[in-house]
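These are some notes on the structure below, set out as numbered points. Please read them with the model open beside you.

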Amino acid sequence: MTPHRPTRSTGTPMRPGEHVVVIGFGPVAARFVDDVTDLAAAGTIRLTVIGGETDPAYNRVLVGEHAMGRAELATMGLSDPGALAGAGVEVLLGTEVTRIDRSRRLLHLTDGRTGGSRELGYDRLVLATGARPNLPVLRGINPDPGAYEHLPAGVTALRDLRDARTVRAVVDRRGRVVVLGGGVLGLEAALAASEAGCPVTVVHHAPWVLTRSLDAPAGALLGRALADAGVEVVSGTPAREVLLDEDRSFRGLVLEDGRTVPGELLLLSVGVTARTELAEGAGLRTARGIVVDHELEADVEQRVFAVGDCAEVLCRDPSCRVCPGREGMGPSGLVGPGWRQAEWLAARFRAELDAVAEGGTAVLAPLTTGTAGAVRLKAHQVELACAGTVGGLPWEPRPDGGTVVQWADGAAGTYAKLVLRADRTLEGYIVLGLPRSAAGIGLLHDRGEPVPADPSVLLRPDGPDAGAQQEARLTPESTVCHCAGVTRGRISEAVGMGAATVEEVGCATRASTGCGGCKDAVRRLVEEHAAAV
C-alpha cells in the first residue's frame, strides 16, 4: 500500500474511551491489535477482538508447512491472549458474530461451545473476516460455500489448523495425495507432500499450472521441474466427480476424459472468496469484497472499517487513477498488503486521538493498492517468482514502445522473461530457477526502477561468482522481507542490538513472520554479524 494524497478527516474523530471491536482474529487482525494494544493498556480505548476459531491468532500462511510437519504450532503463534488480557484487551475465541446492527451499534454473538447468545456494543468496528475457500462443482461433494464444514472425510482446502491435522494424518503415513488446482498454494503443498514421501498428483484444468501468472514456455519448464521433484501433473482436463467409499471417505477423482486419479486425500486449491456475509447483512456495499475507500472506511459515518482479504479498496474519487483498476478483483491472498492496511488503520486511530487531545484535526495520507504483489513459489526443489503482465514475445512489436526480453536454458531448467515499458521499467516478469536474480528483478519491479541497458547482467547473481556480486548489489535500503516491508538495514540494526536468532529478529522487526520466504536471508545476516564479532 502506498500513499495517495493527504486527506483531512471530515467525520467524527475517535475520542478517548471509545470501544473498538475487531471481528476476525487472523494475521491481519492480529497486526492491528498488536499496534493498538498500548492504547488499550493505557485506558485510552476499550478493545475487543472476536475470533471464530478456538485457537488464538496464528500465521495462516504456514498452515501448509504445519500440515507437512515442517512448521510447529509453537512457531506460528501471532498473539498471546493472556498478555492481551493483561493489557486490558478482551479476547473472545470460539465466538461467531451472527449479525451487525448498525443502527444501534450492536453485535449479536453466539458462543460456539455453549450455544449461548448475547449482544455487544461498539463505537468503531474493524472487519477482518478474511476469505473462505472456493468449493468446486463436482459430483460427490456439495458446492454450497456454507457446506465446507461438512465435506467428506479426506477432502479439505487446508485453510486452518483443523484442516492441517487432517492433512498431516495422511502425510505421516505417506498416503497418496491429489491436489485439485495448479495455483501457487496448491503447488507448494504438492511439493511439500512429495518431499515428505507421499505420491502426489496435481490436477489442473488449463494447459499448464499457474496459468494466470506464466506464459507457455515457463509453464512447460515448471511442469518439468515439478515432475523432477516427484509431483505428477495432469493438465488440460477438468475434474468431474469425487469418488467416495462406503464410509463416505475420499478414494479418487474422476476426470472429464474418464480417467480416475486415486488417492487418500483431496486437497482443494481453487481460489478463495472474500467473506462479505456480515457486511451484506448490515447493508454495507460489497463487490468482490467489502468496499472501502482509501481511508479503509466501509460506511459513510466512518464507524465501520475493513482490512485484509475481506476488503476491496474502491474509492469514489473520479480523479483516482488506481482504484478503478482494482474493480473486479478478489482477495489478493497476500499477507503483506493486509498487514500494511492494519498498520495504517492503527496509525489513523492514533492520529485522531492525538488530534483530539491537542485540539486539532488529523491529517494523514490514505492508501492505494500500489504495485501488484509478486507470486512466489517457495519450495526446496523449485524457485519461481513472477508479477505483472507477462504476455508477448521478443519479436512482436508493442504499441506502447516497450519490448520483451526472454532467456531459457532447457538443460538447467531455468527461464527468465522481462516485459519492459518504453521507459524500461518492468510491466511484468517471470524468473524460474534463478532465485538471486529473481530477488534483484523483483526489487526493480517493486520500486519502479528501469532495468540496465544490458538486461543480461540481471542473471549474473546466479552465476559462479554469485555471492560476491549479490552482496555488492545489496544496500541497507534493499527489502529483505517483502511481507512486512523490512529492509536489510533494519535487520542489521536489530542484530546489532542483540537479536541473535531468526526468531529474535522477527520479534524486533517482524521480518520472516509472514510467508517465511526470507528466513534464509535473515539467517545469513545473523551469521555474518556473529562471524564479524
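1. R251 and D245 are joined through their side chains by a salt bridge, with 3.3 Å from N to O. The model is a predicted one. The two partners fall into separate classes of accessibility: R251 is partly exposed, at 42% relative accessible area, whereas D245, at 19%, counts as buried. The value for D245 is worth a second look, because buried means under 20% relative accessible area and D245 has 19%.

2. A salt bridge also links D257 and R259, and here the closest N and O atoms are 2.8 Å apart. D257 is partly exposed, with a relative accessible area of 42%. R259 counts as partly exposed too, at 42% relative accessibility.

3. R398 pairs with E427 in another salt bridge, whose closest N and O atoms lie 2.9 Å apart. This pair links distant parts of the chain, as its members are 29 residues apart. R398 sits in the loop between β26 (383–388) and β27 (403–409), while E427 belongs to strand β29 (residues 426–432). Both R398 and E427 are buried.

4. Some salt bridges share partners, and in this way D101, R104 and E119 are joined into one network. How many salt bridges does a search of the whole structure find? The search finds 20.

5. E18 is a charged residue placed in the loop between β2 (7–8) and β3 (19–23). Is E18 buried or exposed? E18 is buried, and its relative accessible area is 10%. Leaving aside neighbours within four places in sequence, the residues in contact with E18 are P13, T44, I45, R46, D123, R124 and R303. When you look at this site, start from E18 and find each of these contacts in turn, including R303.

6. T110 is part of strand β7 (residues 106–111). At 23% relative accessibility, T110 counts as partly exposed; the cut-off for buried is under 20%, so T110 with its 23% does not qualify. T110 and E96 are 14 residues apart along the chain, yet their C-alpha atoms are separated by 5.2 Å. Not counting residues up to four places away in sequence, T110 touches G94, T95, E96 and T98, and also G115, G116 and S117.

7. Two residues deserve a check of their backbone angles. Most residues other than glycine have a negative phi. L210 is not a glycine, but its phi is positive, at about 50 degrees. L210 is found in the loop between β13 (200–204) and α6 (216–228), and it counts as buried at 6% relative accessibility.

8. Q302 is the other residue to check. Although Q302 is not a glycine, it has a positive phi of about 60 degrees. Where does Q302 lie? Its place is the loop between β20 (290–292) and β21 (304–306). Q302 is buried, with a relative accessible area of 6%.

9. The next topic is empty space inside the protein. Rolling a probe the size of a water molecule over the atoms shows where such space is left. A search of the whole structure finds one cavity of 30 Å³ or more, and the largest cavity has a volume of about 30 Å³. Which residues line the largest cavity? They are M68, V167, V171, V177, A189, A193, L265 and L267. Two or more lining residues come from each of α4 (161–172), α5 (184–195) and β18 (265–268). By type, the lining divides into eight nonpolar residues, no polar ones and no charged ones.

10. Some totals complete the note. The protein has 13 helices and 31 strands. Of its 533 residues, 49% count as buried. The protein exposes about 23600 Å², of which carbon and sulfur atoms supply 51%. Among contacts between residues at least 6 apart in sequence, 62% join residues at least 24 apart.

Terms used. Residues are numbered from 1 along each chain as its sequence is written. This is a predicted model: local features need pLDDT of at least 70, side-chain atom pairs count only at pLDDT 80 or more; totals for chains, interfaces and linings use all residues. Side-chain values use heavy atoms; hydrogens and water are left out. On a 1 Å grid over the protein atoms alone, a cavity is a set of points where a 1.4 Å probe fits but cannot get out, and a pocket is an open set with protein on both sides within 12 Å along at least five of seven lines; lining residues have an atom within 4 Å of a point. Grid points are joined across faces, edges and corners, and a volume is the space filled by probe spheres set on the points. Helices (H or I, at least four residues) and strands (E, at least two) are DSSP runs, numbered from the N terminus. Buried means under 20% relative accessible area, exposed over 50%, partly exposed in between (1.4 Å probe, protein chains only). Contact means heavy atoms within 4.5 Å. Accessible areas come from the Shrake-Rupley method with a 1.4 Å probe; for residues, only the protein chains shown count as cover. A salt bridge is a side-chain nitrogen of Lys or Arg within 4 Å of a carboxyl oxygen of Asp or Glu.
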